[in-house]
Amino acid sequence: MMSVKENLIDLLESIDKEIDLAGRKKDEVKLLAVTKTVDVARIKEIKEFNLNEIGENKVQEIEEKYEALKDDFEFHMIGSLQKNKINKLLGKIKLIHSLDSLDLIEALDKRLKNNDMKLDGLLQVNISKEESKSGFYKDEVAEALEKMHEYKNIHIVGFMTMAPFTDDEKVVRDTFRGLYELKEKLAKNNYDNVDLKYLSMGMSHDYKIAIQEGSNILRIGSKIFGERNY
């Protein structure tokens, strides 16, 4: 088994190569290390690569790791958030990637307001309309953005999606391209409390396609820390 350091050297080289091939600039694409089920000591190994933002899928893991890592890393919430766990997350994260409904946005905004806090978030978009995935359908996104003027404490800064887990590259590419095109189209509108600058797309198995199709946040875990035992 390769070490975290060896994995990261290979991954960063691969990402840089893909960015060059796509004609993009290296500082356009952020690598977010996904640290679910990874222990604190192994997470700290990525610091030497100037990676200081990590993504977690569960509120419980953020709570467990926060005190040990808060001085070195900023946390992103990338998994589904239940409304009854919002309070446990407040003040601990830089960005939430998984705003998948207006009900969640309303509840989160209310809690943020009550605590005099603000937070950036991404709308989760279910481009492929998979029943197993949550999120806004493509034709629901504009209406959701129009409502954001009602929520003063959560600021929408982009979109997140997950491509279907398939070997069909066209399906994956169409998913990522669809979200990029949606962002470009809607960014022309002047929505209040919205700044569409981030596309969180691409994971360990499809990050190369995501780079080619305009992603600027890659959520990668197993390519860094190895396969998980869930």
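Begin by selecting helix α5 in this predicted model, and colour its buried residues, which are L104, I105, A107, L108, D109 and L112. An α-helix has 3.6 residues a turn, so residues three or four places apart point the same way.

Next, extend the selection to the whole of α5, residues 102–114, where 13 residues reach 18 Å from the first C-alpha to the last, close to the 18 Å expected at 1.5 Å a residue. Then show what surrounds the coloured side chains: the buried residues of α5 pack against two strands that follow the helix in sequence, β5 (119–124) and β6 (154–160), as well as against α4 (86–89) and β4 (93–99). Before leaving this region, step just past the end of α5 to D116, whose phi is positive, at about 55°.

Now zoom out to the entire chain, in which nine helices and eight strands can be displayed as a cartoon. The C-alpha trace spans about 50 × 40 × 30 Å along its principal axes, and the radius of gyration of 17 Å agrees with the value near 17 Å that a compact globule of 230 residues would have. If you turn on contacts with a separation of 6 or more, 59% of them join residues 24 or more positions apart.

Finally, switch to a surface view, bearing in mind that 50% of the 230 residues count as buried. The accessible surface comes to about 12000 Å², and carbon and sulfur atoms contribute 43% of that area. Colouring by charge brings up 38 positive and 44 negative side chains, with the centres of the two sets 2 Å apart.

Methods:
Residues are numbered from 1 along each chain as its sequence is written. This is a predicted model: local features need pLDDT of at least 70, side-chain atom pairs count only at pLDDT 80 or more; totals for chains, interfaces and linings use all residues. Side-chain values use heavy atoms; hydrogens and water are left out. Helices (H or I, at least four residues) and strands (E, at least two) are DSSP runs, numbered from the N terminus. The radius of gyration is taken over C-alpha atoms; the globule rule is 2.2 Å times the number of residues to the power 0.38. Buried means under 20% relative accessible area, exposed over 50%, partly exposed in between (1.4 Å probe, protein chains only). Contact means heavy atoms within 4.5 Å. Accessible areas come from the Shrake-Rupley method with a 1.4 Å probe; for residues, only the protein chains shown count as cover. Lys and Arg count as positive and Asp and Glu as negative; His and the chain ends are not counted. The place of a charge is taken as NZ of Lys, CZ of Arg, CG of Asp or CD of Glu. The expected span of a helix is 1.5 Å times one less than its number of residues.
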